[in-house]
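Here are a few short exercises to help you find your way around a new structure. Try each task yourself before you read its solution.

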Amino acid sequence: MEKSDLIIKNAKIYTINNQFDMADAMAIKDGKILAVGSEDEILGKFESDRIIDFNGKPVYPGFIDAHCHFLGYGTGLLKRADLVGTSSFDEVIDRMRTHHEKFPSTFWIEGRGWDQNDWPAKEFPTKDKLDELFPDNPVILTRIDGHAALVNSKALQLASITSNTKIDGGDIILENGKPTGVLIDNAIELVTGIIPEPDASQLTDALLAAQKNCFAVGLTGVHDAGLEAREIKVIDSLQQTGRLQMRMYVMLSPTKENFETYVENGPYKTQNLNIQSIKLYADGALGSRGAKMLEPYSDDPHNTGLVLRTPDSIRDICKTAISKGFQINTHAIGDSANRMMLQIYGEFLKGKNDKRWRIEHVQIIAPEDFDLFGKYDIVPSSQPTHATSDMYWAEDRVGADRIKGAYAYKQLLNQTGWIPLGTDFPIENINPLYTFYAAVVRKDLKGWPEEGFQKDNALSREEALKGMTIWAAKAAFEENEKGSLEPGKLADFVVLEKDIMTAPDAELPNIPVIKTFVGGQEVYSR
Ligand SMILES: [Zn+2]
């Protein structure tokens, strides 16, 4: 008999190997999987002091979120008021008042998550009520998508923003010649740039708070879409000491510090941290009409959105990425931004290749551009909950024709044969089962619309599960270490109360996680 650290038995294991085989037992040693198979096979060959009977419960590889802001989510948990789900601007004001009572000594007052599309008057708010309530503290309330923010007069003053301020790739909204307090895209950085950065101990608290919540929903890996060297240093040291067990794939923000610290020296990899990607932004977001469209917005006929980076500056970074062995992951929402990225990537990739360059969000694609994903093997990194969050108003923005090429995950999958899935949390909920439900059912949590939103673009359950596991791993060049439960791979897995492959549609988002394991260690138990 061969000695192992842990045996699980009487489980319904989705291995997600090439044949999508099922198994009922697994032996684990030194954080890795020794063998997966039938109970007879495993118990006949391995012994262990620790054997867990899973009572027939389903087991999946630990879920991986292929696009999120893990650290940003943690920071938000600790210091920002949560404005998600507010049904009016008055409710925003109420929540900010409560938040300030809770943290009265904080100078900068921050909130995140409002969405004027959820309010009775679907218009941008103005700073007047914030000025009344907080005359002496700067306030910044970021929109749900992070591409618009409402600030008060104190914040405008500290950031030296006036009605004459101009900024490339951004907008300061004026009314009667005066700033309303709403800032769009790059203009937001004028304010966020002067907020003091959290120090190492605050970053540590934020990372551990994020990890705790993510383990509880079955996540064992995240792709963090844009971090700075000083943040990554904290992550690396927390991982080395074992306090941070979340496996992280890091996309580098294109800052001077990151180029000097990381890009120059080539990819950096430990068992928990993998840095070989550069994150770029091509345009803004649809909700704030910053996504760059080929034709004007259907509900704003003089506006086609914003380009956040020039093609030549993108080309320069692509060149560096090729020579240093880095992946490029570019945020592109509008059909024009996606076309620009497909063409620029095409210049570098020159045909089918295995560089796995990604377009993040791939939200609105012109019909004639879909083929380019297949032609150049460009990875469509998708967030299915965006479809079900935006479906109420997205057609107002782009009209009945362009909406057909929006959130078109099945069409994209047909081009490439694989598709990594994520959430972009904290823009969306962290729960990967919401992703699964949105991808497969394409309804909101109330079951609307009855027939599903553009149901032709739903993924099958098998495809959605792969998108959250093996394909997410592949998008980080990690398909040989994680994303499936096979001998030699990391023992990262999650046990659910019910099987997402067979449960009724409506139950999917609410199935509880029983346990989460990372490297064979239990990191969450219900
Ligand atoms: Zn993002």
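**Exercise 1.** Which residues in helix α14 (residues 394-402) are buried?

*Solution.* Keep in mind that this is a predicted model. Step one: go through the helix and pick out the buried positions, which are Ala394, Arg397, Val398 and Arg402. Step two: look at how they are arranged; they lie on the same side of α14, because they cover an arc of only 80° around the axis. The general rule helps here: an α-helix has 3.6 residues a turn, so residues three or four places apart point the same way. Step three: ask what this side meets. The buried residues of α14 pack against α11 (335-349) and α13 (384-390).

**Exercise 2.** Find the open sheet with the order β6-β5-β2-β8, then work out which strands are the edge strands.

*Solution.* Step one: this open sheet has 4 strands, and their pairing is mixed. Step two: β6 (32-37) and β8 (51-53) each pair on one side only, which makes them the edge strands. Step three: move to β2 (residues 6-9) and β5 (residues 25-29), which run antiparallel and are joined by 3 bridges. Here isoleucine 8 stands opposite methionine 26 in β5.

**Exercise 3.** Is threonine 516 buried or exposed?

*Solution.* Step one: locate threonine 516 in strand β25 (residues 513-518). Step two: count its surroundings. There are 24 other C-beta atoms within 10 Å, and a residue is buried if that count is 20 or more, so threonine 516 is buried. Step three: beyond its neighbours within four places in sequence, threonine 516 has contacts that include Gly62, Phe215 and Tyr524.

Key. Residues are numbered from 1 along each chain as its sequence is written. This is a predicted model: local features need pLDDT of at least 70, side-chain atom pairs count only at pLDDT 80 or more; totals for chains, interfaces and linings use all residues. A residue is buried if 20 or more other C-beta atoms lie within 10 Å of its own, exposed if 12 or fewer, and partly exposed in between; C-beta atoms are placed from the backbone. Helices (H or I, at least four residues) and strands (E, at least two) are DSSP runs, numbered from the N terminus. The arc is that of the directions from the helix axis to the C-beta atoms. Two residues are in contact if their C-beta atoms, placed from the backbone, lie within 7 Å. Two strands pair if DSSP finds at least two bridges between them.
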